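Thank you all for coming. I would like to take a few minutes to walk through one model with you, and I suggest that we look at the sequence and structure together before I begin.

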Amino acid sequence: METQIFLYILLFFLSLHFVFTTLKPRLSPSNTRRLIRLLHLPIKSPAVAVVFARKDVREFLDSSIQQENKQEEEDDDFGYDFDFKTYMIKKAESINKALDESIPLIEPLNIHNAMRYAILAGGKRVRPILCLAACELVGGEERLAIPAACAVEMIHTMSLIKDDLPCMDNDDLRRGKPTTHKVFGESVAILSGGALLALAFEHLTEADVSSQRMVRAVKELAKSIGTKGLVAGQAMDLSSEGLDQNDVGLEDLEFIHVHKTGSLLEASAVIGAVIGGGSEEEIEKVRNFATCIGLLFQVVDDILDETKSSEELGKTAGKDKIAGKLTYPKVMGLEKSKEFVKRLKSDAKEHLLGFDLDKVKPLIALTNFIANRNN
């Protein structure tokens, strides 16, 4: 009897898989989302993931650009009414206060001055806010994640200091101010970046959580900035400069952005979920969400670099094009890149289905903020 039941269930799922595999090419992204909601299918089910995986990028490139109507956009936003500006200001104030206290003006003064100059120069604080929001999403408290939020911002600032150096991207402007090496010199800038890197891990360990969670958080952060993360992306980015568009593909471009920008954004969210005590399923949902917004962040960055002025951006505009770097507008074209932003935004939100509707609001709003930002 049990064998018969098993065979019936197996036959049912095989039939279901065949039907959806046949239907998949005929389903638009918006219709796919509606079907998922209609059938109440869990997004993270392995079988469903295979059937409803995002279109292959090359298929997307060959498709016509379609503007989703207003109703579909409202559906993607889940009808939320959330005061994100107030939320961002409140969280940024907590983070800035903690960062200010974490780097006192002690000897060596020149190094600490450079560290404070770089990290307190402004910025949207997307990564640390993402860390706090992910912690609260899974039921954790903000106070638990503040050290981790500071740590990811220290790492991010370190990467900006090094990214701006003459041997890297050779930039003179960051967050509307002269870059760190322009103010303090290259040697002090390099040392201050190294000091921020060390301080980040020291600060992370101050979080009041179990040793098991802490070890996992440290591992996530380390992995995000090494040869499996930021360093790999930066190395590929440098080696791709000046290459002919025909010699590289979207795989190369996505590798750069997923590692150079996306890896730290992903780590920020995952660390927040780990510290907040999230389950393995919740942590993986957060990871998949963060992977989408990490790529989303960089696609938007590429678009802004091509369409905005230096005054609007607070950094040198058009430098990627001048340097011959791989960007989404260069490989996809500007309009396709804008459409890709919509796809990524929608994908990101789908990974948040199943979480508490109130706790998920900040991450939905953060996704919209990243997609619609002007600098």
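I will go through two helices, then one glutamine, and finally the nonpolar core.

Please bear in mind that this is a predicted model, in which local features need pLDDT of at least 70 and side-chain atom pairs count only at pLDDT 80 or more, while totals for chains, interfaces and linings use all residues. Residues are numbered from 1 along each chain as its sequence is written, and side-chain values use heavy atoms, with hydrogens and water left out.

Let me start with helix α15, residues 280-307, where helices are DSSP runs of H or I, at least four residues, numbered from the N terminus. At 1.5 Å times one less than its number of residues, this helix of 28 residues should span 40 Å, and its end C-alpha atoms are 41 Å apart, which agrees. Of those 28 residues, 21 are buried (under 20% relative accessible area, 1.4 Å probe, protein chains only), so α15 is largely enclosed by the rest of the structure.

Helix α19, residues 334-350, should span 24 Å, and its end C-alpha atoms lie 25 Å apart, which agrees. Its buried residues include Phe340, Val341 and Leu344, but also Lys336, Glu339 and Arg343.

Within α15 sits glutamine 298, which is buried, with a relative accessible area of 9%. Leaving out residues up to four places away in sequence, glutamine 298 touches His257 and Thr261, contact meaning heavy atoms within 4.5 Å.

Which residues touch the most other members of the largest nonpolar core? They are Leu204 and Ile271, in a core of 90 residues, that is, buried Ala, Val, Leu, Ile, Met, Phe, Trp, Tyr and Cys residues joined through side-chain atoms within 4.5 Å. The largest share of this core, 13 residues, comes from α15.

Key:
Helix = DSSP H or I, 4+ residues; strand = E, 2+ residues; numbered from the N terminus. Buried < 20%, exposed > 50% of the residue type's maximum accessible area, 1.4 Å probe, protein only.
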